[in-house]
Amino acid sequence: MCLSFGGSIAGGSRLNAPVLWILLPIIAGIGLYFLRRWHRLVVSLGTGLALLLTLLAWQAPINETIRLGNWGFKINETLNILGRQFSLTNPDRPFMVCIYLMAALWFAATYVGRAGRIFVPLGFIITGLLTAALAVEPFLYAAMLVELAALVSVVLLSPPGRPIRHGSLRFLIFQTLGMPFILFTGWLLTGVEASPGELMLVNRAAILLGIGFVLWLAIFPFHTWLPMVTEEAHPMSASFVTLMLPFMIMLFGLGFLDRYAWLRNAPQLNNLLQIAGVLMVLTGGVWAAFQRHLGRMLGFIVMVEIGKALLASSIPGGGLALFFTLLLPRAIALAVYSLALSVLQSSPGLSNPRNLSFRDVQGMGRRLPLATASLSIAYFSLAGLPLLAGFPVLLSLLRLLSSVSMPVALLTLLGTAGLFIGGLRSLAILVMGTDTEPQGWQVQEHGTVILFLGIGVLALLAIGLFPQIFLPPLAELARAFIHLNPAP
């Protein structure tokens with residue numbers, strides 16, 4: 001293997017950004033896997049390293065000498081492996097902050113959420129592989145890195161010692177089917193760059209690219225694995241995979257649009273994104289309204305969130321900024337929802353510990369009121385209830401959509417209304433009394449669980465009450481795509 005890590009500089013040393021945010025997480029994940037016997041240690045080390053990488057991405061500029069007393073170091077942007085180039089530049093640092101902060105959020109709650117001893121090691125490997133997919137040149141190698149991340153995700157969703165679930169298999173099948181379409185697109189784009197006026201070649205490349213992303217992002221009708229995975233897998237594992245993978249794939253897709261003018265200027269592009277987005281929001285919302293399983297409901301929540309992200313990216317002007325603004329409320333709400341769902345799933349009063357159907361969880365809110373309240377608050381935040389974190393971004397999305405297409409805005413509102421109805425039904429079932437339930441309410445949650453859930457709920461309330469403080473920094477991420485978001 002040919003690795004180029006850079007040499008030394010006067011008075012210090014030289015590092016590579018891809019080494020820090022790609023190789024180090026993957027190596028750390030492998031190392032932590034062998035330490036998985038000491039679960040608390042693994043969780044502490046994993047969370048600390050993720051926060052350290054977040055801090056470095058925030059404070060350490062790339063290609064500039066950083067002085068710490070008499071010692072200095074410089075972070076280079078490029079790493080060469082077997083003739084392939086991995087590059088992370090200063091505009092990529094805010095994305096590294098978001099990615100590793102989300103990873104730290106999940107890692108920190110792994111122990112109290114009982115997500116398993118391999119969650120942190122595999123989570124690091126998945127994060128490193130997806131970051132590598134964003135940084136690799138030529139870009140067609142990103143398809144293979146996404147496939148590797150999907151393979152590791154299957155192990156996370158179906159841990160060793162348990163039979164692999166049908167949802168995980170279907171997830172892997174769709175991710176694998178998407179890979180050759182992206183690879184063929186890369187091959188065709190070589191001809192497009194040589195002959196940009198060849199319309200047939202351009203159309204074929206666009207069609208293949210679209211099919212690949214439809215399969216990767218679980219766009220309707222290829223969404224069936226989402227509710228299956230969230231029903232079968234541990235809630236925290238399912239939410240981590242369904243948050244990180246679509247977000248990184250969408251970043252990869254935005255990079256495509258920013259790079260190729262013929263693609264981003266295609267007249268039908270925004271219409272296709274709107275159709276895909278409104279189908280996801282409407283389908284997810286309607287199915288959530290009639291759902292009778294809290295785990296499957298998480299899958300339909302993710303469908304709605306993917307749809308909202310697609311709709312935001314289809315809006316000219318401020319849509320790209322809104323795309324990134326949606327990330328913070330979504331990440332915190334999914335983290336709180338999945339942790340609360342883990343608490344319900346591990347309750348000793350549950351007749352079937354792996355089942356979260358309405359019949360099994362009926363009345364559990366009387367024994368676990370704080371977990372139930374946190375789950376409901378996170379759910380209603382995702383549904384856009386006023387005063388919660390999801391409301392300002394949903395309001396902005398509907399306002400921008402109404403200026404572009406009123407029917408699309410109304411269908412989006414209908415989908416979120418279905419999501420809201422599903423939340424009311426879930427809350428009613430959880431607090432409904434039964435003949436076997438003792439009278440009154442009890443608090444059976446562990447103190448550490450209460451602490452984590454309380455922090456998450458307070459964050460959702462703070463973002464909802466003061467969006468002008470928390471959301472504008474995320475909107476600045478759109479500046480990294482200079483052609484999609486040209487400076488005024």
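Student: At what angle do the axes of helix 2 and helix 5 cross?

Tutor: This is a predicted model. Helix 2 covers residues 39-59 and helix 5 covers residues 119-135. Their axes come within 9 Å, and the crossing angle is roughly 25°.

Student: Why does helix 2 count as roughly parallel to helix 5?

Tutor: Angles under 35 degrees count as roughly parallel. The axes of these two helices cross at roughly 25°. That angle makes helix 2, relative to helix 5, roughly parallel.

Student: Which residues of helix 5 meet helix 2, and how many charged residues does the contact have?

Tutor: From helix 2, the residues involved are V42, V43, G46, L49, A50 and L53. On the side of helix 5 they meet V120, P121 and F124. Sorted by class, the contact has eight nonpolar residues and one polar residue, and the number of charged residues is none.

Student: Which helix gives the most to the largest nonpolar core?

Tutor: The largest nonpolar core has 172 residues, and F124 and F256 are among those that touch the most other members. One helix, residues 235-259, gives 16 residues to this core. The helix that gives the most is helix 10.

Student: What does F256 touch, not counting residues up to four places away in sequence?

Tutor: F256 is one of the core members that touch the most others. With residues up to four places away left out, its contacts are F139, L189, L209, F213 and L263.

Student: Which side chains of strand 5 are buried?

Tutor: Side chains alternate along strand 5, residues 78-81. T78 and N80 point to one face and are not buried. Pointing to the other face, the buried ones are L79 and I81.

Student: Which residue in the turn between strand 5 and strand 6 has a positive phi?

Tutor: Strand 5 and strand 6 run antiparallel and are joined by four bridges. T78 has S87 as its bridge partner, and N80 stands opposite Q85. The two strands form a hairpin with two residues between them, and the one in the turn with a positive phi, about 55°, is L82.

Student: Which residue of strand 7 stands opposite Q85?

Tutor: Strand 6 also pairs with strand 7, residues 136-137, in the antiparallel sense over two bridges. Opposite Q85 in strand 7 stands E137.

Conventions: Residues numbered from 1 in each chain as written. Predicted model: local features only at pLDDT ≥ 70, side-chain atom pairs only at ≥ 80, totals over all residues. Heavy atoms only, no water. Core = buried A, V, L, I, M, F, W, Y, C linked by side-chain atoms within 4.5 Å. Buried < 20%, exposed > 50% of the residue type's maximum accessible area, 1.4 Å probe, protein only. Contact = heavy atoms within 4.5 Å. Pairing = 2+ DSSP bridges. Axes fitted to C-alpha atoms, helices over the stretch in contact; angles between N-to-C directions. Parallel < 35°, antiparallel > 145°, perpendicular 65-115°, else oblique. Nonpolar A, V, L, I, M, F, W, Y, C, P; charged D, E, K, R; others polar.
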